[in-house]
Amino acid sequence: MSVTEKNKNLIKNEAHRLGFDFVGFSKADFLAEDAPRLERYLKENMHGEMKYMENHFDKRLDPRLLVDDAKTVISFLINYFPSETQNPNSLKIAKYAYGKDYHLVIREKLNALLNFIETEIGAVNGRGFVDSAPILDKAWAQKSGLGWIGKNGNLINKGSGSFFFVAELIVDLDLPPDGPVIDHCGTCTACIDECPTEAIIEPMVVDGSKCISYFTIELKESIPTEMKGKFNDWMFGCDVCQDVCPWNRFSKPHQEPLFNPHPDLLSMTRKDWENIEQETFSKVFSKSAVKRTKLSGLKRNINFLKE
Ligand code: SF4
Ligand code: SF4
């Protein structure tokens, strides 16, 4: 086995030990195929008020502009599919936000892996990314063979579905790349047909500015009145285009205790959410990404569902 293959195996084994479910490797190169897609997305304002997405256009397509002498992008998937979901008579929260903020959980694992590489392999210049604007995480995960980008815009792993966080390490180490996998959406259009706000305007093109996730999390102003009655009780994010995807029949519960919700999150009813006050909000979401909207943002969403 070559030294680079050996190093790749060392990194894979340690990543699994740290709790990453899948690991794949790509050559750090310009993402030529994704450039026109990103350009169109921004030109047609599908990012809505998420103006930060306009920054660093070149860097987002070329990892060598993010890390000096970058050679390899290592992609990771980490499962967040819960073993239990919310009370059926409840307002809904996207499953990714049930537990501790994934940025914090994954950042720690990426740092631990970089330290491991430094100790076991040698000096490394590297940088970790978890759902951060400067990198097209799903494009890299696809290139690394971890899955394909489905018509709903999510990364789908054939054996395990799409309820995964995606993260990357860009490093200046030469490591043998894995090949991409082929698309298995076929003739299915379930996500496009079932999206409550018709935000999937064509395969793989989710108009962010029409998506419930955008309205309930990113939008700072009032939710447009033409969206009334379309949210199907989603008060923070939306899982519809993943819940209806046939590949998610293969989802298995995650093994990361930090992603477990506060028990009250599962038992709270619609009425409980409608009457939520700061004390309960702080208790249920003490470490969660839901804190981003603050109680006032969550209440705006709840009131929009009520009116
Ligand atoms: S998250 Fe919900 S609103 Fe957004 S594209 Fe998917 S189904 Fe549509
Ligand atoms: S629901 Fe169907 S079309 Fe949509 S991502 Fe899943 S397999 Fe692809």
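**View 1. Cysteine 185 and cysteine 191 in the predicted model.** In this predicted model, cysteine 185 has a relative accessible area of 14%, which falls under the 20% limit, so the residue is classed as buried. Cysteine 191 is likewise buried, at 8% relative accessibility. Both residues belong to the set that surrounds ligand 2. A search for disulfides across the whole structure returns 0.

**View 2. The surroundings of ligand 2.** Four cysteines are shown around this ligand: Cys185, Cys188, Cys191 and Cys245. The shell also contains Gly150, Lys151, Asn152 and Ile156, together with Ala190, Pro246 and Trp247. Sorted by class, the residues around ligand 2 comprise 8 nonpolar, 2 polar and 1 charged. Lys151 is the charged member, and the polar ones are Gly150 and Asn152.

**View 3. The surroundings of ligand 1.** The cysteines around ligand 1 are Cys195, Cys211, Cys238 and Cys241. Pro196, Thr197, Ala199 and Ile200 also line this ligand, as do Val206, Ile212 and Val240. The shell has 10 nonpolar residues and 1 polar residue, with no charged residues. Thr197 is the polar one.

**View 4. The open antiparallel sheet.** The sheet consists of 4 strands in the order 1-2-7-4, with antiparallel pairing. Strand 1 (22-27) and strand 4 (126-130) are at the edges; each has a single partner strand, so one side of each lacks a neighbour in the sheet. From one strand to the next, the twist averages 20°.

**View 5. Strand 2 against strand 7.** Strand 2 (residues 72-79) and strand 7 (residues 164-171) run antiparallel and are joined by 8 bridges. One of the pairings involves phenylalanine 76, whose bridge partner in strand 7 is alanine 167.

**View 6. Helix 1 on the sheet.** Helix 1, residues 3-18, packs on the sheet and touches strand 1 and strand 2. The direction of helix 1 makes about 145° with that of strand 1.

**View 7. Asparagine 7 and its contacts.** Asparagine 7 is a residue of helix 1. The relative accessible area of asparagine 7 is 16%, and the residue is therefore counted as buried, the limit being under 20%. Apart from neighbours within four places in sequence, asparagine 7 is in contact with Ile121 and Leu175. The C-alpha atoms of asparagine 7 and leucine 173 are separated by 9.4 Å, although the two residues are 166 residues apart along the chain.

Note on methods. Residues are numbered from 1 along each chain as its sequence is written. Chains are lettered from A and ligands numbered from 1 in the order in which they are written. This is a predicted model: local features need pLDDT of at least 70, side-chain atom pairs count only at pLDDT 80 or more; totals for chains, interfaces and linings use all residues. Side-chain values use heavy atoms; hydrogens and water are left out. A residue is near a molecule or strand if one of its heavy atoms lies within 4 Å of it. Two strands pair if DSSP finds at least two bridges between them. Helices (H or I, at least four residues) and strands (E, at least two) are DSSP runs, numbered from the N terminus. Axes are lines fitted to C-alpha atoms, for helices over the stretch in contact, and angles run from 0 to 180 degrees between N-to-C directions. Contact means heavy atoms within 4.5 Å. A disulfide is a pair of cysteine sulfur atoms within 2.5 Å. Buried means under 20% relative accessible area, exposed over 50%, partly exposed in between (1.4 Å probe, protein chains only).
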